[in-house]
Amino acid sequence: MKQTFILTCLLFVSVCISKAQTANPQATPEARQLFSRLMDLQKKGTMYGHQDDLMCGFTWWYQPGRSDTKDAVGDYPAIAGFEMGEIERKGERNLDSVSFKQMTEQVKWFHKQNGIITVSWHVTNPITSQYPGKKEPNGAGSAWDVKTISADSLNAVKSILPGGKNHDEFDQWLTTLANYFKTWKDDNGKLIPFIFRPFHEHSGRFFWWGDTRCTDEEYAELWRYTVNFLREKGLNNILFAYNTDKVNSLEQYLRGYPGDEYVDLITIDWYGSGQEFNEAVDKALNFTGEYAKEKQKIHALSECGPISSDLLQIIKKHDISFLLTWRNRPLNNLAELEKLPDFNEKVEQIITEKYSYLPNKATMQEMFNDKHYLFLKNIQEINTNKKY
Ligand code: BMA
């Protein structure tokens, strides 16, 4: 009796003092550590994240150690983004021609530097992906192929859920993805913990899993199915990021939300600038931030651009773990440009005009000089060995 009383008291005390933790009860110690580290870092500032930072830049393809961020400000981003699109087609390269083998090298290297890894997946359309040809961005069969898809008839999401005609194929895709993720191990053979943001930007209508392309309940089911599948494969090292494109209310944000047990990060993606954008994104970060706080989740602006002085100030008003800007895609006409005497200026000009949603050197410098923004060196020593 006395023993039961003591045990009950202990349980009560541990529940009272329990800290925020990852949604997965089976999470590996490394995933727990990453979650808590992200929570700690969120109190210190906002990390800078960059997609494909270690894989390519405006003027180069894969040169280990090279980074446009480092070239611009002298340090790597704190968060490095990697893309899985087309791994499901069992190719050696993703939809942007980045090699999966080289990605693994960089994931391992960056983890060793105590950098943080985040992963996206522009997965091909399960109904039209069988059409021949490479699934280039926006092409037939790509993630953006929504033309023939409607929620009631040709619904791609429904077709891969249990009972759907593409369900078995989707299981194979997930198995391929899981097998690849399992190769991301540290020197001690432990699975490297990372953030995964599948089926992103649900509130937008441009992906086959987007708004009106399936019902919100189907979307939530797809999410739960995917998370459960990866966990059952033993991938308890992953933190999952729920994500939408622009949203006007919490209610809209949560349409399709799979449930707190599946989500570690509350994130939005939002590109834009100017007063209207500033006000809208500020408002959204208020309600997503409140929700994250209430649910003890991590909060992030997982894609945005361009980095403006206004945006840098808005972010400071909120608790935001990281912001991420998209990839510096190598310029198509690189060989031609390289012949020009004013090559560097030309590249800057193209970035400003054509890739205006990406940060240029001046805005990178502004962010770097602001103590609120954290790069790799700023986080390298923070709580990397703390046990949770
Ligand atoms: C998009 C564009 C595409 C790219 C895709 C995945 O936003 O940048 O060119 O293929 O992301 O990285």
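Let me begin with a pair of strands, β5 and β6, the latter covering residues 194–197, which run parallel to each other and are joined over three bridges. Within that pairing, T118 has I195 of β6 as its bridge partner. Please keep in mind throughout that what we are looking at is a predicted model.

Staying with β5, which spans residues 116–120, we find that this strand is mostly covered, with five of its five residues buried. The cover is on both faces, since the model has I116, T118 and S120 buried on one side, and I117 and V119 buried on the other. The chain reaches β5 from β4 by way of helix α4, residues 100–112, and this β-α-β crossover is right-handed. Strand β4 itself, residues 79–83, pairs with β5 in the parallel sense as well, here over five bridges, and in that pairing A80 stands opposite I117 of β5.

I117 then brings us to the nonpolar core. The largest such core has 89 residues, and the members that touch the most others in it are A78, I117 and L265. As for which element gives the most to this core, that is helix α7, residues 216–232, with six residues. If we take L265 and leave aside residues up to four places away in sequence, its contacts are I195, L239, A241, Y242, K297, I298 and A300; I195, you may recall, is the bridge partner of T118.

Now let me turn to one residue of helix α7, namely Y219. Is Y219 buried or exposed? It counts as buried, because 21 C-beta neighbours lie inside 10 Å of it, and the cut-off for that label is 20 or more. Again without counting residues up to four places away in sequence, Y219 touches V157, H202, W209, C214 and G256. Of these contacts, H202 is one we can place with numbers, for Y219 and H202 lie 17 residues apart in sequence, while their C-alpha atoms are 8.3 Å apart in space.

Finally, I would like to look at the ligand. Which residues are around it? They are E83, G85, L95, D96, H122, P137, W326 and R327. Sorted by class, this shell has three nonpolar residues, two polar ones and three charged ones. For anyone following along in the structure, E83 may be a convenient place to start, as it belongs to this shell and strand β4 covers residues 79–83.

Conventions:
Residues numbered from 1 in each chain as written. Predicted model: local features only at pLDDT ≥ 70, side-chain atom pairs only at ≥ 80, totals over all residues. Core = buried A, V, L, I, M, F, W, Y, C linked by C-beta atoms within 7 Å. Buried ≥ 20, exposed ≤ 12 C-beta atoms within 10 Å, placed from the backbone. Helix = DSSP H or I, 4+ residues; strand = E, 2+ residues; numbered from the N terminus. Contact = placed C-beta atoms within 7 Å. Pairing = 2+ DSSP bridges. Right-handed = clockwise from strand over helix to strand, strands pointing away. Near = placed C-beta within 6 Å. Nonpolar A, V, L, I, M, F, W, Y, C, P; charged D, E, K, R; others polar.
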